[in-house]
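Welcome, and please open the model in your viewer. We will walk through it stop by stop, selecting a few residues each time.

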Amino acid sequence: MTISSRFTVGVHILALLEFNQETAITSEFIAASVNTNPALIRKLMGMLKKAHLIDVKPGVAGAKLAKNLSEITLLDVYHAVHAVKENELFSVHKAPTIDCEVGNNIQLTLTPILHSAQKALEDQLASVTMEAIVHDMKSS
């Protein structure tokens, strides 16, 4: 299993909006860039709007960034598109045999380690802004 691609597609959408500020880009345009279905893009744009990362007006083509790129972190995008539920990046099998010494202790032993690993990932995402991502793209 992997983190939902909604996360990277959300980053893609925000970067495209920055690169195309002067143009009212459509979900079809974004979908062509991502190589996916426009309906999926509209769903993700709705999630980004709900998180106050973009502004979209019903019935009007185009979207705009609602914040400066320096104010949007990768963690904001990660949360906005529900890439992973809180403390569920890793899942531990739910019903191991409790009659087994390993089965009886696996969840208790692994859960704090896995939560710590998820926190480390989220801390890293919080340290990177969309401004840095777009800057890297423009420099490449």
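On this tour, a residue is called buried under 20% relative accessible area, exposed over 50%, and partly exposed in between, with a 1.4 Å probe and protein chains only. Helices (H or I, at least four residues) and strands (E, at least two) are DSSP runs, numbered from the N terminus. This is a predicted model, in which local features need pLDDT of at least 70 and side-chain atom pairs count only at pLDDT 80 or more, while totals for chains, interfaces and linings use all residues. Residues are numbered from 1 along each chain as its sequence is written, and side-chain values use heavy atoms, with hydrogens and water left out.

**Stop 1: helix α6**

Select residues 130–139, which form helix α6. Which residues of α6 are buried? They are Met-130, Ile-133 and Val-134. Looking down the axis of α6, you will find these buried residues within an arc of 95 degrees, so they line one face of the helix. The arc is taken from the directions that lead from the helix axis to the C-beta atoms. Now turn to the other side of α6, where His-135 and Ser-139 are exposed. The buried residues of α6 pack against α1 and α4; contact here means heavy atoms within 4.5 Å.

**Stop 2: α1 against α6**

Keep α6 selected and add α1, residues 6–19. The axes of these two helices, α1 and α6, come within 10 Å and cross at roughly 70 degrees. That makes α1 roughly perpendicular to α6. Axes are lines fitted to C-alpha atoms, for helices over the stretch in contact, and angles run from 0 to 180 degrees between N-to-C directions. Angles under 35 degrees count as roughly parallel, over 145 as roughly antiparallel, 65 to 115 as roughly perpendicular and the rest as oblique.

The crossing of α1 and α6 is right-handed: the near helix is turned clockwise from the far one by less than a right angle, whereas anticlockwise would be left-handed. To see the contact, show Val-11, Leu-14, Ala-15, Glu-18 and Phe-19 in α1, which meet Met-130, Ile-133, Val-134, Met-137 and Lys-138 in α6. By class, this contact of α1 with α6 has eight nonpolar, no polar and two charged residues. Ala, Val, Leu, Ile, Met, Phe, Trp, Tyr, Cys and Pro count as nonpolar, Asp, Glu, Lys and Arg as charged, and the others, Gly among them, as polar.

**Stop 3: α2 and its partners**

Next, select helix α2, residues 27–34, and colour its buried residues Ser-27, Ile-30, Ala-31 and Val-34. They cover an arc of only 100 degrees around the axis, which puts them on the same side of α2. The buried residues of α2 pack against α1 and against α3 (38–50).

Look at α1 beside α2: their axes come within 10 Å and cross at roughly 120 degrees. That makes α1 oblique to α2. Val-9, His-12, Ile-13 and Leu-16 of α1 make the contact with Phe-29, Ile-30, Ser-33 and Val-34 of α2. The classes in this contact are six nonpolar, two polar and no charged residues.

Then add α3, whose axis comes within 8 Å of the α2 axis, with a crossing of roughly 110 degrees. The helices α2 and α3 are therefore roughly perpendicular to each other. Here Ser-27, Glu-28, Ile-30, Ala-31 and Val-34 in α2 meet Pro-38, Ile-41, Arg-42 and Met-45 in α3.

**Stop 4: two loop residues with positive phi**

Select Asn-35, in the loop between α2 and α3. Asn-35 is not a glycine, yet has a positive phi of about 70 degrees. Its relative accessibility is 71%, so Asn-35 counts as exposed.

Move on to His-52, in the loop between α3 and β1 (54–56). His-52 also is not a glycine and has a positive phi, of about 65 degrees. At 57% relative accessibility, His-52 counts as exposed.

**Stop 5: Lys-67**

From His-52, step to Lys-67: leaving aside neighbours within four places in sequence, Lys-67 is in contact with His-52, Leu-53 and Ile-72. Lys-67 lies in the loop between β2 (63–65) and α4 (74–80), and at 32% relative accessibility counts as partly exposed.

**Last stop: Gln-118**

Finish in helix α5 (residues 101–126), where you will find Gln-118. Is Gln-118 buried or exposed? With a relative accessible area of 1%, Gln-118 is buried. Show what Gln-118 touches, including Tyr-78, Val-84 and Phe-90.
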